[in-house]
Amino acid sequence: MKKLLVVALLAGLTACNRQETVPAAEEELPGGAITRWTDSTELFMEHPALLVGQAGKFAVHLTDLTDFAPLRSGRITLTFTPRSGGAPLVVAQDTPRAPGIYGPAPVFTAAGTYDLVIEVSSPQARDRIQVPDLHVYAKPEDVPGATEEGEAGISFLKEQQWKTPGFETRFAGTGSVARSFESSGEVIPAAGRFAEVSAPIDGMVAASGIAGSPIPGQRVARGALLAVLTPSVGEGGGSAYASARRELREAIDEHERARRLVAAEAIPARRLHEAEIRLQAARETLAGLPGGTAFTSDGTLPIQSPISGLVAQRTISPGSRVAAGQMLFSIVDPSVVWIKANLPAQHASMLDRGTTAAFRIAGLNRLFEARKLISIGGMVDPASRTVPVIYEAQNPGNTIKVGANVLVSVRTAQRSEGVVIPTVAILDEEGKSIAYVQADGETFERRELTLGGSERGLSLVLSGIRAGERVVSGAAYQIRLASLSTAVPAHGHEH
C-alpha cells in the first residue's frame with residue numbers, strides 16, 4: 001500500500017512538472033486594416049503586424065466603383081518608401097489570387113515608417129492609391145498592443161458586397177435643397193380617371209354575359225362590355241321599356257303607312273304630319289327610360305365601361321338580381337394619380353403654383369415625385385385646422401396604388417444648405433429615417449437621421465451623417481438584414 005502511495009505521488013509531481021514546461025501559445029500580434037476611396041477604386045487592405053525579416057502577407061481587396069464589382073484581372077504594384085530615406089521596397093503581383101483579392105507578401109529589411117503607393121493597372125481600372133504611415137517594427141515586443149475597440153458595427157464582407165445586386169456607396173456631400181415640411185396624405189384618383197358603373201334599371205345579371213365579364217385588376221377599354229342585364233318585369237323596369245318599345249314600333253309602322261297613303265293621295269298630308277309627331281314622341285319616351293337607347297333587339301341591356309382603365313371592383317355574379325342605382329363595377333385609370341395632403345393652415349400660405357412635393361408610401365422604401373400642384377383648398381377644416389392641397393403624380397408602372405396612405409414632403413420656395421445624401425440611401429424603419437454608413441471596407445453603421453427636405457434625388461440631413469462619410473446608396477436593405485442577423489458571418493477571404 002505504501003509503495004502504491006509513493007508511486008502515485010511521484011506520478012503527480014511528474015505531471016505538474018510537464019505542465020509547467022509546456023510553452024504558452026504565442027498571442028497573435030495586432031495587424032491593421034485600411035480603407036481608401038478614389039474616384040474609380042475602393043481599397044480595403046488588411047495586413048499582419050509588420051516585422052523586419054518576416055514576410056507580411058497583405059490582403060488587398062480592390063473594387064471597381066463604376067459597378068462595385070471586384071477587379072478580376074490586372075497587375076498591382078506596391079511601392080513602400082521609407083520616411084528615413086533609402087531605396088523603396090517594390091512588390092508586384094500580376095493577377096489576383098481570387099476575384100478582387102491580391103496577396104502580396106513584402107519582406108522589410110529595416111524598421112521605420114513607410115508611405116505606400118499602390119498602382120493598379122487593370123482593364124477595369126487604372127489608379128494610383130496612396131496609403132501613408134505604415135509602421136514596420138524591428139522585433140515583436142516593439143509592436144503596440146491592440147487598442148480597445150468601440151461598439152462593433154455591422155459586418156458585411158467584401159465577398160458579400162460583390163455578390164449583392166445593386167450594392168453601391170456614395171460620399172455624403174454638401175449642397176442646398178428646397179426647405180420642406182411633412183404632412184400626412186392619401187392617393188386619390190385623378191379627375192376623369194375614376195368611374196362607378198351602376199345598374200340603370202332593376203334587372204338580373206344574364207349568365208350569358210358573365211363569362212366575358214372582366215375581373216378586378218383586368219384592363220378594359222372605353223366601351224368594353226362589362227355585363228348584360230335582363231330587365232325585371234315591373235313599373236320602371238322591363239314593362240315600361242316593353243311598352244315604350246311597342247309604342248315605337250307601332251309609331252314606325254303608322255308613319256310608314258301614312259307616308260305611302262299620302263304619296264297615293266289617299267289621305268290628307270296632315271295625317272302624315274300627325275304620324276311624324278307620334279313617332280318622335282315614341283322615340284323620346286324610349287330614350288327617356290334608363291338605358292333606353294342601349295337595349296338590344298332581344299330586350300337585354302349591355303353594360304359598358306365609360307372609361308379606359310383597370311377594374312377596381314366587381315359586385316355581380318351570374319343570375320344575381322340588381323336594383324336600379326346599385327353599383328356593379330368601379331373602373332380606375334391609375335396612370336396619373338392625385339396626392340391629397342392635409343397641410344397645417346400656417347404652412348399652406350407658403351405655397352405657390354411652382355411648388356412641388358415628394359411622398360413615401362408605407363412599406364415602400366422609395367421616394368416618389370409629385371411635380372404639379374393642382375389645387376389649394378380655400379377653407380380651413382375646423383376640426384383638424386388643415387387645408388387640403390392636391391398634387392398630380394405620374395404613375396406609369398402602377399406602383400402607386402389608389403387609396404394608399406402617404407407621407408408627403410411639401411417643398412417651399414426657401415432653400416437650406418448642409419449635408420446632402422442620395423434620397424435612395426434613406427430607409428423607413430418603423431417611422432424613423434435610417435441610413436447606413438460604411439465605416440470601413442467591411443463594417444457598416446446604422447444612423448438615425450433628421451431630414452430637412454429632398455429635391456432632385458438628394459435629401460438634406462440635419463443630423464446623423466457628416467460630409468465625407470460613405471453612405472450605402474444601393475441595396476441598403478441588405479445591410480439592414482445583416483444587422484438583424486444573429487449569426488457571425490464566416491470570413492470568406494482567400495488570404
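**Sheets, a hairpin pair and a pocket in a predicted model**

Strand β6 (residues 75-82) is joined to β9 by eight bridges, and the two strands run antiparallel; strands (E, at least two residues) and helices (H or I, at least four residues) are DSSP runs numbered from the N terminus, and two strands are taken as paired if DSSP finds at least two bridges between them. The structure is a predicted model, in which local features need pLDDT of at least 70 and side-chain atom pairs count only at pLDDT 80 or more, while totals for chains, interfaces and linings use all residues. Residues are numbered from 1 along each chain as its sequence is written, and side-chain values use heavy atoms, with hydrogens and water left out.

Within the pairing of β6 with β9, leucine 78 lies opposite isoleucine 118 of β9. Both strands belong to an open sheet of five strands, ordered β3-β10-β9-β6-β7, in which the pairing is mixed. The edges of this sheet are taken by β3 (50-51) and β7 (89-93), and because each has a single partner strand, one side of each is left without a neighbour in the sheet. On one side of the order, β6 pairs with β7 in the antiparallel sense over five bridges, with isoleucine 76 set opposite glutamine 93 of β7. The hairpin of β6 and β7 has six residues between its strands, and in this hairpin glycine 85 adopts a positive phi near 100 degrees.

Strand β9 (residues 112-121) is also paired with β10 (residues 126-137), again in the antiparallel sense, over nine bridges. Here glutamate 119 has arginine 128 of β10 as its bridge partner, and the two strands form a hairpin with four residues between them. In a regular strand the side chains alternate between the two faces of the sheet. Beyond β10, the loop that leads to β11 (154-155) contains alanine 152. This alanine 152 counts as exposed because its relative accessibility is 68%, where exposed means over 50% relative accessible area, buried under 20% and partly exposed in between (1.4 Å probe, protein chains only). Although alanine 152 and glutamate 445 are 293 residues apart in sequence, their C-alpha atoms are 8.8 Å apart in space.

An open sheet of four strands follows the order β18-β17-β15-β20, with antiparallel pairing. Its edge strands are β18 (301-304) and β20 (321-322), each with a single partner strand, so that one side of each is left without a neighbour in the sheet. Strand β17 (residues 225-231) is joined to β18 by four bridges in an antiparallel arrangement, in which alanine 227 faces isoleucine 303 of β18 and leucine 229 stands opposite leucine 301 of β18. Towards β15 (residues 203-205), β17 forms three bridges, also antiparallel, and glycine 203 is placed opposite proline 231 of β17. Strand β17 is mostly covered, five of its seven residues being buried.

The second largest pocket has a volume of about 330 Å³. Its lining comprises 18 residues, of which Glu182, Arg360, Leu407, Ser433 and Leu451 are the closest to its centre. On a 1 Å grid over the protein atoms alone, a pocket is an open set of points with protein on both sides within 12 Å along at least five of seven lines, in contrast to a cavity, where a 1.4 Å probe fits but cannot get out, and lining residues have an atom within 4 Å of a point. Grid points are joined across faces, edges and corners, and a volume is the space filled by probe spheres set on the points. The elements that give two or more residues to this lining are β13 (173-189), β27 (405-422), β28 (427-429) and β31 (450-455), and β31 contributes the most, with four residues.

For the chain as a whole, the secondary structure comes to seven helices and 33 strands, and 41% of the 495 residues count as buried. Among contacts with a separation of 6 or more, 71% are made by residues 24 or more positions apart, a contact being defined by heavy atoms within 4.5 Å.
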